[in-house]
Amino acid sequence: MVNDEGSEMQAARLDARLPFGGAAPRGGTVRYVADAVVPCTGGAVVLRPGAVEVSGDSVTRVGTPGDLRSSSDGDIREVRVDGALLPGFVNTHCHSPMTLFRGTGENLPLLRWLHEVLWPREAHLEPDDVYWGMTLAAAELLAFGVTTSCEMYFHPDAVADAVVGAGSRVVLTPAVLALPGTETAGDWWTASLEQYADFHTRRHGEAGRIEVGFAAHAAYSVPLAGLVDTAAAAEARGALFHLHVAETATEAEAFEAEHGGSVPRVLAEAGVFDGRVLAAHSIWLSPEDIDTYAAHDVAVAHCPQSNAKLASGIAPLTDLLARGIRVGLGTDGPASNNDLDLWEEMRLAALLARLRQSDAGALPAGVALDLATRGAGAALGRPDLGVLAPGAKADMMAVSLDDPAFVPLLDDAMLIEHLVWSASSRLVTDVWVGGEQVVVDREVRTVDLARARAEVGRRAARLASY
Ligand SMILES: [Zn+2]
């Protein structure tokens, strides 16, 4: 379940990469001039037209083309972009290599799905399965304009290799979890933690694209001592600690009986929430649990589509936001969603929040967009992601406005409404990560999509036999 491969396998993967087919930065500053720029820095700012200047892998200036031209100096190459430029979306909770299990175990609730379908198959994963599962997922994410994903999975070297190959960006939190057939005597998680600590040492910060954190699956699947040790390993490195919390109504019954309190309360008292914490799902929280999150600045990865598909519940999104809790959207794995399209999460988050509150004004479009962009970066502790602002990573997408979804366009506010309520991922035309263009005119240039589909199809058929 952890990395155990040699450099030979890694070299073979690098050979499989396509020669970079996008437009790599040529050095110097590039000014992208678009019909509109939506910086997503908070508030409903729209620049029509707008411009974004990029130097190296970062944004240097954002403004109207006139402002930037009149105050610029030096040699700037200007690139015209049709449509609206937005920051790349940030997917805060994902198990992307589960492309290998898409469409399996349908119609089961979470715990039966995990125990009867998913975990028995994941126990047979090889690193190259994970590499191809992640490669296919990265292509899917990039095509949807999702430039960063926060991944909780096994075989982290294979995930990292796939991300570097695809030219996307990741916050990678390898997971402590005992799959069927693994040793569970004593402090069984210690061996995983040693390997993940080594992985952090080797690959954190690689290519400017890979941030390494730590994950423990959940309080119902990892003992409290394992959660404490994993959180401590993360905190010691200033790294993100990622786990599932309160995804279903009944998952914590045994934990609460053993420890005499809710999962958030017991974890907070044990020091698990002392560092940077990202709690996925967080549906079944009491008001006291929400107080605990607020007091410890625990961030939430909200996954409305996975939660709906598995009938897990509807998270108290507006309550979390009202308490100032950092929230970002996540797709969860493509075996429980079943795609990686954050545009769908954005709309569903708003729809479910309105139903839950019986309020047609709950979660306005600007807030929904924020959850996929600035808010998602903030949830990961990464203010340089999900915004177009000086100092942010030059992760961007161009969205075609030449579509019925954007008619009529009477004012700037309506552009935000249309992005959330009538547009979709099909309108994403071009994508850049760290200033490198990876999607050109709807084509992902960094992944051999035909090979990735074939590899995942073949490997999924093998895994389905378990
Ligand atoms: Zn998950």
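Helix α6 and helix α7 touch through a short list of residues: Trp-189, Leu-193 and Ala-197 on the α6 side meet Gly-226, Asp-229, Thr-230 and Ala-233 on the α7 side. By type, the residues of this contact divide into four nonpolar, two polar and one charged. Keep in mind as you read that this is a predicted model. Its mean pLDDT is 94, and 94% of the residues of the protein reach 70 or more. One stretch to treat separately is residues 18-24, where the pLDDT is below 50 and the model has 14 contacts beyond near neighbours in sequence.

**Helices α6 and α7**

- Helix α6 covers residues 189-203 and helix α7 covers residues 224-236; their axes come within 10 Å.
- The two axes cross at roughly 15 degrees.
- Angles under 35 degrees count as roughly parallel, so α6 is roughly parallel to α7.
- The crossing in which α6 passes α7 is right-handed.

**The four-stranded sheet**

- Four strands form an open sheet in the order β5-β6-β7-β9, and their pairing is parallel.
- At the edges sit β5 (89-94) and β9 (210-212), each of which pairs on one side only.
- From one strand to the next, the twist averages 15 degrees.
- Strand β7, residues 169-172, pairs with β9 in the parallel sense over three bridges.
- If you would like a residue pair to look for in the structure, Val-170 has Ile-210 in β9 as its bridge partner.
- Helix α5 (residues 156-166) packs on this sheet, where it touches β6 (146-151), β7 and β9.
- The direction of α5 makes about 165 degrees with that of β7.

**Helices α14 and α16**

- Here is another helix pair to view: the axes of α14 (residues 365-372) and α16 (residues 412-421) come within 9 Å and cross at roughly 60 degrees.
- That angle makes α14 and α16 oblique to each other.
- In this pair the crossing, with α14 passing α16, is left-handed.
- From α14, the contact uses Ala-365, Gly-366, Ala-368 and Leu-369.
- From α16, the residues taking part are Ile-416, Glu-417, Leu-419, Val-420 and Trp-421.
- Sorted by type, the residues of the contact of α14 with α16 come to seven nonpolar, one polar and one charged.

Conventions. Residues are numbered from 1 along each chain as its sequence is written. This is a predicted model: local features need pLDDT of at least 70, side-chain atom pairs count only at pLDDT 80 or more; totals for chains, interfaces and linings use all residues. pLDDT is the predictor's confidence in each residue, from 0 to 100. Two residues are in contact if their C-beta atoms, placed from the backbone, lie within 7 Å. Axes are lines fitted to C-alpha atoms, for helices over the stretch in contact, and angles run from 0 to 180 degrees between N-to-C directions. Helices (H or I, at least four residues) and strands (E, at least two) are DSSP runs, numbered from the N terminus. Angles under 35 degrees count as roughly parallel, over 145 as roughly antiparallel, 65 to 115 as roughly perpendicular and the rest as oblique. A crossing is left-handed if the near helix is turned anticlockwise from the far one by less than a right angle, and right-handed if clockwise. Ala, Val, Leu, Ile, Met, Phe, Trp, Tyr, Cys and Pro count as nonpolar, Asp, Glu, Lys and Arg as charged, and the others, Gly among them, as polar. Two strands pair if DSSP finds at least two bridges between them.
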